[in-house]
Amino acid sequence: MTRLPPRIAFSFGRVWAMLLRYLYILKSSWPRTLELLYWPTLQVLVWGFMSQFFAQNSSYVARAFGVLLGAVMLWDLMFRSQLGLSISFLEEMWSRNLGHLFATPLRAYEWVISLLAMSAIRVAIGLVPAALLAIPLYHYSIFAMGLPLVAFAAVLMTTGWAIGLAICGLILRHGIGAESLAWTVIFSLSPISCVYYPVTILPHWLQPLAWSLPQTYVFEGMRAELFNHVFRVDYFLIALALDAVFMATGIGIFFISFRDARRRGALIQMGE
């Protein structure tokens, strides 16, 4: 009779070891670090100067200056949280390292925790310099939102993680050929996320789909905060509930796909 190996307890040391691995990869490659800084800063520059132009030529858009720039930064936070998780995952696939990782006592959920932590680090590296740059350039500070900013950021980062885990699960299921999902899926959601305009702009038949996304409540709540100085608690609570559904779905897709890939022996075969 074959004896099953004993269950191994959770190890913070293994999580820390994986996080250090990703930090060393990031540190050893300046193009990776530059890429983290490049896109958020570029978007702040482009949209910031565009917003300044509108501010000087329209009394309405003059009120919306901070809304547009804040929306850019918050959308990029969500995108970076998803991409940061997906890139760390893909680096293991590109180097054909998945089989080696899981020949060790590393547990799948410990790996996921390290991916989430690395995603948060990538977001901070990318967005904090861009947000600070906006202060001297445009005299706008997203940090002026205070605690609502923390709430918005938490919802968007969790949404990005949920989408990222689902994408990683699909890549595990379909192989490296599906890696383009890491860049395309989240951008396909931007038109119905109502980042730069209210939900009422959308056709009536599309509005229910927009309201089914947690990020839509964040951007509607951001506009309410900046225009009316009101924090919509109802929007925040609905966004949290939807985030829980999204996160459970993303985790489910990832672990089902991971178990399937492990059963098929695909972890060893995946790579460039």
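The lining of the second largest pocket is made up of twelve nonpolar residues, with no polar and no charged ones. The model is predicted. The volume of this pocket is about 220 Å³. Three elements each give two or more residues to its lining: helix H4 (65–94), helix H6 (108–138) and helix H7 (147–174). H6 supplies the largest share, five residues. The lining residues are Met73, Leu74, Leu77, Val123, Ala124, Leu127, Val128, Ala131, Ile142, Phe143, Leu149 and Ala153.

Two of the helices that contribute to the pocket, H6 and H7, also pack against each other. Two packed helices are described by the angle between their axes and the distance between the axes. For H6 and H7, the angle is about 130° and the axes lie 11 Å apart. H6 is therefore oblique to H7, since an angle over 145 degrees would be needed to count as roughly antiparallel, and 65 to 115 to count as roughly perpendicular. The crossing of the two helices is right-handed.

The contact itself draws on both helices. On the H6 side, Val112, Leu116, Ser119, Ala120 and Val123 take part. They meet Met157, Trp161 and Leu165 of H7. Of the residues in this contact, seven are nonpolar, one is polar and none is charged. The polar residue is Ser119. Val123 links the two descriptions: this H6 residue meets H7, and Val123 also lines the second largest pocket.

Methods:
Residues are numbered from 1 along each chain as its sequence is written. This is a predicted model: local features need pLDDT of at least 70, side-chain atom pairs count only at pLDDT 80 or more; totals for chains, interfaces and linings use all residues. Side-chain values use heavy atoms; hydrogens and water are left out. On a 1 Å grid over the protein atoms alone, a cavity is a set of points where a 1.4 Å probe fits but cannot get out, and a pocket is an open set with protein on both sides within 12 Å along at least five of seven lines; lining residues have an atom within 4 Å of a point. Grid points are joined across faces, edges and corners, and a volume is the space filled by probe spheres set on the points. Helices (H or I, at least four residues) and strands (E, at least two) are DSSP runs, numbered from the N terminus. Axes are lines fitted to C-alpha atoms, for helices over the stretch in contact, and angles run from 0 to 180 degrees between N-to-C directions. Angles under 35 degrees count as roughly parallel, over 145 as roughly antiparallel, 65 to 115 as roughly perpendicular and the rest as oblique. A crossing is left-handed if the near helix is turned anticlockwise from the far one by less than a right angle, and right-handed if clockwise. Contact means heavy atoms within 4.5 Å.
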